[in-house]
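User: Got a minute to go through this fold with me? Let's start with strand pairing.
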Amino acid sequence: MFQAIETDSQELELDLSSLNTVNTMFAAIFSKLGVPIKTTVSATVLEEALNGSIVVSQLQLGNPVRKKVEKQTAHFYSVDITEQEAKKGLVCRVHSTEKSKFKLLYFELEENGGLSLALQEDSVKASKVSSAGMYFLGFPVYRFEQNNSVSLQKFFSLGYPSDSMVFSTFLSSGYFQAPAAKDPDSAFFKRLDSFQPCDINELKPGTHFFAVYGDNFFKSATYTIEIVCAESFPTEKEKLQSVEAKILTKRAELSKFETEYREVLAKFTEMTSKYTQEMQTIDELLNERNVIHASYTNNPPLKRTSSRNKSKSSPSFKFDEEKNQRKEKKVKDQHMEGCGSEDDDSSEKKTKERFPRKRWLNIPFKVDRRKPC
């Protein structure tokens, strides 16, 4: 699908000038996703520079120039430096307030009068601008490239199938990472691996050639280029040399620290696993001890009912109990009533026996009619 070349770092590089509109659109989408798509300078531009069929503009030290370059084309510049300026160092910087993508190129003069590409710096977005720079200061200067991998989830969120040509092309580039297989600590320990020295550290007196290459996908790139002598920036020169020396020291320390860290991490993982096992063993032993203690009894073990069943049966059980209580009370009341009537009869009889009826004043009421009064 894409016409690409493989560099020494085995990363995919695209020549945007050779892509049709559809492929360029796909590449732009991936760039928006965060895939750091590397692009090459158009073969046409390199060929024209090598043949000398280019237009070169003269630059003065300390005088910035603002222009707009079309996509996949280049503006060429030349600058003359003296021996004193070459000794003090030279810095070429390009920035774009519109965050355009571009490349800063340095060419060397060939014997036939043509120009061959010697150095290349891609623009990097930082804060509100995109910028690139080359530093020829007479001591080793380093370049740093960040490797921004993109997760597969972000790719599939666009709706591209896994068998698409777009997916196959970019998967082979190594830009995608598998989160499950990726070591979470690896990115930290390899962060400074791309901190590598530049190929050219100083320039000789004479004429030197630079170019700004438009690297946008569809539109032109607006930029400002400026070349200055480092003589006016002695403090910055010392600070840059110092901080890069510290970064190199930190990179060496980081490699040593990684070995120590992984040894401690392995030991920690082992201790954590042992801690879990020991805790489990202790719990099992204590439970076994409690079971042995509970076995010292002749009473049968209590049958435990689940609270769930108990909660379900409690309403009906309570109702039956109340019903039985009411029945028992009724029978008892009847029994008490029967016992009470018998007692009353017996007490009344006893009373009659103890206190028999007597005739009133012992006067008999029966009169003998035959006797006269």
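User: How many bridges join β8 to β16, and do they run parallel or antiparallel?
Analyst: This is a predicted model. In it, six bridges link β8 (residues 102-109) with β16 (residues 206-214), and the two strands run antiparallel.

User: Which residue of β16 stands opposite F107?
Analyst: F209 does.

User: What packs on the sheet there?
Analyst: Helix α2 (residues 43-51). The helix touches β6 (74-81), β8, β9 and β16. Its direction makes about 140 degrees with that of β9.

User: Zoom out. What's the strand order in the whole sheet?
Analyst: β4-β6-β16-β8-β9. The sheet is open, has five strands and shows mixed pairing.

User: Which strands stand at the edges, and why call them that?
Analyst: β4 (56-58) and β9 (115-122). Each has a single partner strand, so one side of each lacks a neighbour in the sheet.

User: And the twist?
Analyst: On average, 30 degrees from one strand to the next.

User: Switching to cores. Which residues have the most contacts inside the largest nonpolar one?
Analyst: F210 and I225, in a core of 24 residues.

User: Which strand gives the most to that core?
Analyst: β17, with four residues. Strands that each supply at least two include β7 (90-96), β11 (129-136) and β17 (221-229).

User: What does I225 touch, leaving out residues up to four places away in sequence?
Analyst: L59, N63, P64, V65, Y77, C92, R93, V94 and V212.

User: Where does F209 belong, then?
Analyst: To a second, separate core of 12 residues. V41, A74 and L115 are also among its members.

Methods. Residues numbered from 1 in each chain as written. Predicted model: local features only at pLDDT ≥ 70, side-chain atom pairs only at ≥ 80, totals over all residues. Heavy atoms only, no water. Pairing = 2+ DSSP bridges. Axes fitted to C-alpha atoms, helices over the stretch in contact; angles between N-to-C directions. Contact = heavy atoms within 4.5 Å. Core = buried A, V, L, I, M, F, W, Y, C linked by side-chain atoms within 4.5 Å. Buried < 20%, exposed > 50% of the residue type's maximum accessible area, 1.4 Å probe, protein only.
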